[in-house]
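Biologist: Before we go through this model, could you set each label beside the cut-off that it rests on? I would like to follow the reasoning from value to conclusion.

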Amino acid sequence: MSKLISLCFPIYNRIETFKYTFSRTIGEVCRVNSDEIEVVVSVNPEEKTIEETKRFLTEMQEKTQIVVNINETNIGIGGNGRKVFELATGKYIWMIGDDDYILQGCLDRILKAVHEHPDIGWIYLAYGRLDGYPEDEKAQIGELTSYLFQKNGYIADGKAGVIAVHNRFGGKTLFSSANLFLKSAWQEVADENKDDNPQLGATFCAASRGGIYLDDSINVMAGGQTTWSEQADYSSLISYFRDMSFAINHGFTESEIHSMIRYSMRHSLLILWFRAYRSLFQGSEIGKQALGFFFRIMPMQTVISTIFLPVIGFYLLLRNKYRNRVRRKVCAQYRNKAGADPDIVSRLA
C-alpha cells in the first residue's frame with residue numbers, strides 16, 4: 001500500500017553514529033504512530049560493520065515496520081541514494097543522512113501541512129547543525145537556519161517560492177535531510193538521468209507543480225562530522241551545476257536555471273574564485289572545469305569579480321559577521337522558548 005511520506009536512509013559504514021541518529025528518528029516515528037509514514041533503509045555493505053548493521057536494523061524492526069535493502073556490493077553514494085528512492089512508496093520522499101535525525105514535533109507539522117494543502121510539491125525545514133558527532137552529548141549547535149526563512153508556512157506559488165529560498169540561502173545547495181518532495185517529480189527527472197540521483201533537480205521540478213511549505217521550527221539536527229577535501233568540494237560544486245540543469249524543461253526554462261546559477265555564483269564569489277584559482281595554479285583538473293563553467297555561463301561577471309575580489313571579500317566578511325550576530329539572537333530565542341525540544345536546549349551554546 002502506498003504511503004504519504006517515505007523516510008529514506010542510504011547508509012554506509014558509520015554504524016555507531018547511525019545507531020544514535022536512527023534510534024532518535026525511529027522514536028519519533030513510533031510516537032506519531034501513523035500508517036501514512038514508512039521507513040526505508042538501503043545499506044552499502046562494508047566488511048567490518050555489515051553484520052553489526054544487520055543486527056541493529058533487526059532490533060529496530062521489532063519497534064516499527066522498516067523496509068531494509070542490503071546491496072550485494074557497494075554501489076556508491078549516488079547509486080544507493082537512487083536505490084532507496086526506488087524502494088520508497090510514499091507520495092513524498094525524504095532522504096535523511098546517517099548522521100542526522102529529526103526532532104520532536106517535526107512529523108506532526110509535516111502531516112498537518114500536507115493534509116491541509118494536498119497540492120504541496122515541496123517541503124523545506126529549518127535545521128540545526130552540530131559542531132561534532134551527534135552521539136557526543138557535548139557537541140553543541142554551531143548553526144541554526146531558521147533566521148533565513150523570510151516566510152513561513154504554505155506558499156501557493158511553489159515555483160516563485162523555491163527560487164526565493166534558493167536565493168535567500170545564498171544559492172547554496174539545499175540540505176537533503178531537511179528536504180521533502182514529490183516522488184513523481186523525482187521519477188520524471190530520474191528517468192531521463194539513469195546514471196545519477198538528481199535530487200536537486202527533482203526538488204525544483206516538484207516545487208513547480210503546486211504549492212510549497214516552509215517550517216522555521218528547528219525540525220532536524222545535522223551532524224557536523226563531514227569534512228570536505230578540496231577534491232570533494234570542487235566535485236560538489238560541479239554537481240550543483242549539473243544537478244540544477246536537471247530541472248530544465250521540468251518546470252523551469254534554461255534561462256531561469258542559469259539565472260539561479262548566476263545568483264549562486266555572485267553570492268559565493270570569495271570561496272568559489274579563491275579555491276578555483278588556487279586549484280588552477282596547482283594544476284587541478286576539477287578547478288579548470290569550475291573556472292571553465294564560470295567563464296561560459298557569465299564571462300563578464302567572472303572577469304569583473306576576479307578583478308575586484310579583495311572588495312568582494314571584504315563585503316562577504318562583513319555579511320558573515322552580521323549573520324553570526326543574527327544566529328546568536330536566534331539561539332537565545334530558542335534557549336528561552338518554552339516547550340522547545342530538550343535536545344535543542346541542551347545543545348545550544
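Modeller: Let me begin with the scale for accessibility: a residue is called buried under 20% relative accessible area, exposed over 50%, and partly exposed in between. The model we apply this to is a predicted one.

Biologist: Then why does V303 count as partly exposed?

Modeller: The relative accessibility of V303 is 38%, and because partly exposed covers the values between 20% and 50%, V303 counts as partly exposed. V303 is placed in helix α12.

Biologist: What makes V303 part of a nonpolar patch on the surface?

Modeller: Patch members need over 30% relative accessible area and no salt bridge, with nonpolar side chains joined within 5 Å; V303 passes the area condition with its 38%. The patch is formed by F295, M300, V303, I304, I307, F308 and V311, which together have about 680 Å² of accessible area, and its largest share, four residues, comes from helix α12, residues 299-307.

Biologist: Why is N13 called partly exposed, and why is N249 called exposed?

Modeller: N13 has a relative accessible area of 38%, so it is partly exposed, whereas N249, at 69% relative accessibility, lies over the 50% cut-off and therefore counts as exposed. N13 sits in the loop between β1 and α1, and N249 in the loop between α8 and α9.

Biologist: What makes the phi values of N13 and N249 worth a remark?

Modeller: Most residues other than glycine have a negative phi. N13, which is not a glycine, has a positive phi of about 75°, and N249, also not a glycine, has a positive phi of about 70°.

Biologist: How do you know that the span of helix α3 agrees with what is expected?

Modeller: The expected span is 1.5 Å times one less than the number of residues, so the 12 residues of α3, 76-87, should span 16 Å, and the end C-alpha atoms are 17 Å apart, which agrees. Within α3, the buried residues are N80, G81, R82, V84 and F85, and their cover includes β1, β2, β4, β9, α6 and α7.

Biologist: Which residues of α2 are buried, and how do you know that they are on the same side of the helix?

Modeller: They are I50, T53, F56, L57 and M60. These residues cover an arc of only 125° around the axis, which puts them on the same side of α2, and they pack against β1, α1, β2 and β3.

Conventions:
Residues are numbered from 1 along each chain as its sequence is written. This is a predicted model: local features need pLDDT of at least 70, side-chain atom pairs count only at pLDDT 80 or more; totals for chains, interfaces and linings use all residues. Side-chain values use heavy atoms; hydrogens and water are left out. Patches are made of residues with over 30% relative accessible area and no salt bridge: like charges are joined within 9 Å, nonpolar side chains (Val, Leu, Ile, Met, Phe, Trp, Tyr) within 5 Å. Accessible areas come from the Shrake-Rupley method with a 1.4 Å probe; for residues, only the protein chains shown count as cover. A salt bridge is a side-chain nitrogen of Lys or Arg within 4 Å of a carboxyl oxygen of Asp or Glu. Helices (H or I, at least four residues) and strands (E, at least two) are DSSP runs, numbered from the N terminus. Buried means under 20% relative accessible area, exposed over 50%, partly exposed in between (1.4 Å probe, protein chains only). The arc is that of the directions from the helix axis to the C-beta atoms. Contact means heavy atoms within 4.5 Å.
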